[in-house]
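Biologist: I would like to learn how to read a protein model. Can we go through one together, feature by feature?

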Amino acid sequence: MTACPGRNAIKPEGTGNRGSTMTSHAPTALPRTRRTRLTFWSWETLAGWLIISPWLLGFLLFTLGPMIASIGISLTQWDLLTPARWIGLGNFVKMATDDPNVALSLRVTTVYALVSVPLSLALGLFLAVLLNEKIRFQSFARTVFYLPSVVSGVAVALLWRWIFATDVGLINSFLAMVGISGPAWLSDSRTALPALIIMSLWAAGGGMVIYLVGLQSVPTELYEAAEMDGANGLHRFWNITLPMISPVIFFQAVMGIIGALQTFTQAFIMTEGGPKNATLFFLLYLYRNAFQYFDMGYASALAWVLFAYIMLLTLLLLRSASSWVYYEGSSRR
């Protein structure tokens with residue numbers, strides 16, 4: 001009789017009988033490994049939450065919590081002296097139909113932002129390009145231009161209030177030396193806002209530092225190749241430098257717009273919103289309603305209008321980025 005080959009043939013590993021299968025595989029090894037990994041990741045997750053807990057607690061108590069509370073307050077009429085009374089969208093209706101200062105303050109704030117931010121961007125970039133070259137006392141010059149950006153807002157406002165003073169101010173004193181009678185900078189409705197725009201250039205050194213980082217990250221091979229092709233300095237700047245640092249310019253523009261729309265200290269210290277409401281910034285008007293008129297409900301509604309306006313302008317700027325911001329590895333449109 002011929003032996004059955006199926007019984008005596010060598011079986012592939014792992015396909016033996018039941019006993020060999022139980023012997024060759026350790027069923028407890030895999031769960032033990034998984035259990036170890038789960039324990040490791042749970043401790044790592046717990047450690048991560050503990051590390052960020054101070055920031056998270058501060059965010060919940062001092063940012064998210066007040067924001068949620070202000071939504072409810074904006075739907076009430078509350079003057080801190082009497083209990084809050086629910087009025088629904090009454091504060092927002094009042095802003096749209098019965099308060100011309102809302103539109104005025106938005107216009108003043110928008111004009112300030114649209115003029116001061118591009119000027120600050122251009123001045124910061126000019127300083128960065130100038131101080132990116134190898135010149136004598138380079139580090140000292142960078143420090144001198146950067147220091148004004150770290151001075152507190154109140155101190156800067158007091159300094160510039162003296163600079164713009166009509167009789168003893170620094171600017172008008174220099175103009176008097178050459179026979180020019182300087183304007184009443186902060187007392188004239190025609191020059192008050194331009195004076196604050198000029199003052200905003202004081203902190204251009206802060207942006208200069210960020211531009212320097214962007215300029216130093218541009219590959220030198222691009223400049224060398226362009227120079228070999230006969231490109232002059234202006235062409236290299238326009239076709240290489242600007243596209244390569246456009247993400248830095250974009251970041252500066254977004255942060256600058258957000259900051260300019262929240263201008264408060266300059267107008268509060270230097271002009272108090274005058275003359276003739278020429279420097280009535282939106283945040284200053286919000287402050288008046290909250291802490292001078294004690295109309296917390298209306299002030300909360302104003303805060304949410306400002307939040308929506310900042311978000312709208314920021315989204316528009318983000319939307320425009322695809323047409324002028326160049327990222328390495330992507331094609332320019």
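Modeller: Start with the largest pocket, and keep in mind that this model is predicted. Rolling a probe the size of a water molecule over the atoms shows where empty space is left. Here, six helices each supply at least two residues of the lining of the largest pocket. They are helix 5 (100–131), helix 7 (153–163), helix 9 (192–200), helix 10 (204–216), helix 13 (246–260) and helix 14 (265–271).

Biologist: Which helix gives the most to the lining of the largest pocket?

Modeller: Helix 5 does, with six residues. The lining as a whole has 27 residues.

Biologist: Which residues lie nearest the centre of the largest pocket?

Modeller: Look for Ser120, Ser200, Ala203, Ala204 and Gln266. The space in this pocket is about 740 Å³.

Biologist: How many residues of each class does the lining of the largest pocket have?

Modeller: Count 13 nonpolar and 14 polar residues. Charged residues are absent from this lining.

Biologist: Now the next pocket. What is the volume of the second largest pocket?

Modeller: Its volume is about 330 Å³. The lining has 15 residues. Asn132, Glu133, Leu215, Tyr223 and Thr241 lie nearest the centre. Helix 10, helix 11 (220–228) and helix 12 (233–244) each give two or more residues to this lining.

Biologist: And how many charged residues does the lining of the second largest pocket have?

Modeller: Five. The lining also has five nonpolar and five polar residues. Set that beside the largest pocket, whose lining has no charged residues.

Biologist: Let me step back to the whole chain. What does its secondary structure come to?

Modeller: It comes to 16 helices and two strands. The chain has 333 residues, and 31% of them count as buried. Its accessible surface comes to about 21,600 Å². Carbon and sulfur atoms account for 67% of that surface.

Biologist: How do I read contacts along the sequence?

Modeller: Ask how many positions separate the two partners. Take the contacts in this chain with a separation of 6 or more. Of these, 65% are between residues 24 or more positions apart.

Biologist: Show me one pair like that in space.

Modeller: Try Leu313, in helix 16 (residues 296–324). Leu313 and Ile258 are 55 residues apart in sequence. In space, their C-alpha atoms are 8.7 Å apart. Beyond its neighbours within four places in sequence, Leu313 is in contact with Ile257 and Leu261.

Biologist: Why does Leu313 count as partly exposed?

Modeller: Because its relative accessibility is 23%, and the partly exposed class runs between 20% and 50%.

Biologist: Give me a residue for comparison. Is Asn172 buried or exposed?

Modeller: Asn172 is buried, with a relative accessible area of 6%. Find Asn172 in helix 8 (residues 170–177). Residues up to four places away in sequence aside, Asn172 touches Ala165, Thr166, Gly182, Pro183 and Trp185.

Biologist: What does the side chain of Asn172 have beside a polar atom?

Modeller: The backbone oxygen of Pro183 lies 3.1 Å from a polar atom of that side chain. Now look at Ser53, in helix 3 (residues 29–74). The side chain of Ser53 reaches the backbone oxygen of Leu50 at 2.7 Å. Ser53 is partly exposed, with a relative accessible area of 32%.

Biologist: Next, backbone angles. Which peptide bond is cis?

Modeller: Omega tells you. The bond from Gly274 to Pro275 is cis, with omega near -10 degrees. Pro275 sits in the loop between helix 14 and helix 15 (282–291).

Biologist: What about phi in that loop?

Modeller: Read its sign. Glu272 is found in this loop, and its phi is near 55 degrees. That is a positive value in a residue other than glycine. Asn277 is in the loop between helix 14 and helix 15 too. Phi of Asn277 is near 60 degrees, again positive in a residue other than glycine.

Biologist: Is Glu272 buried or exposed?

Modeller: Glu272 is exposed, at 58% relative accessible area. Asn277 counts as partly exposed, at 27% relative accessibility.

How values were computed: Residues numbered from 1 in each chain as written. Predicted model: local features only at pLDDT ≥ 70, side-chain atom pairs only at ≥ 80, totals over all residues. Heavy atoms only, no water. 1 Å grid on protein atoms, 1.4 Å probe; cavity = no way out; pocket = protein on both sides within 12 Å on 5 of 7 lines; lining within 4 Å. Points joined across faces, edges and corners; volume = space filled by probe spheres on them. Helix = DSSP H or I, 4+ residues; strand = E, 2+ residues; numbered from the N terminus. Nonpolar A, V, L, I, M, F, W, Y, C, P; charged D, E, K, R; others polar. Buried < 20%, exposed > 50% of the residue type's maximum accessible area, 1.4 Å probe, protein only. Contact = heavy atoms within 4.5 Å. Areas by Shrake-Rupley, 256 points an atom, 1.4 Å probe, with all protein chains shown as cover. Polar contact = N/O pair within 3.5 Å; in protein donor to acceptor, adjacent residues only side chain to side chain.
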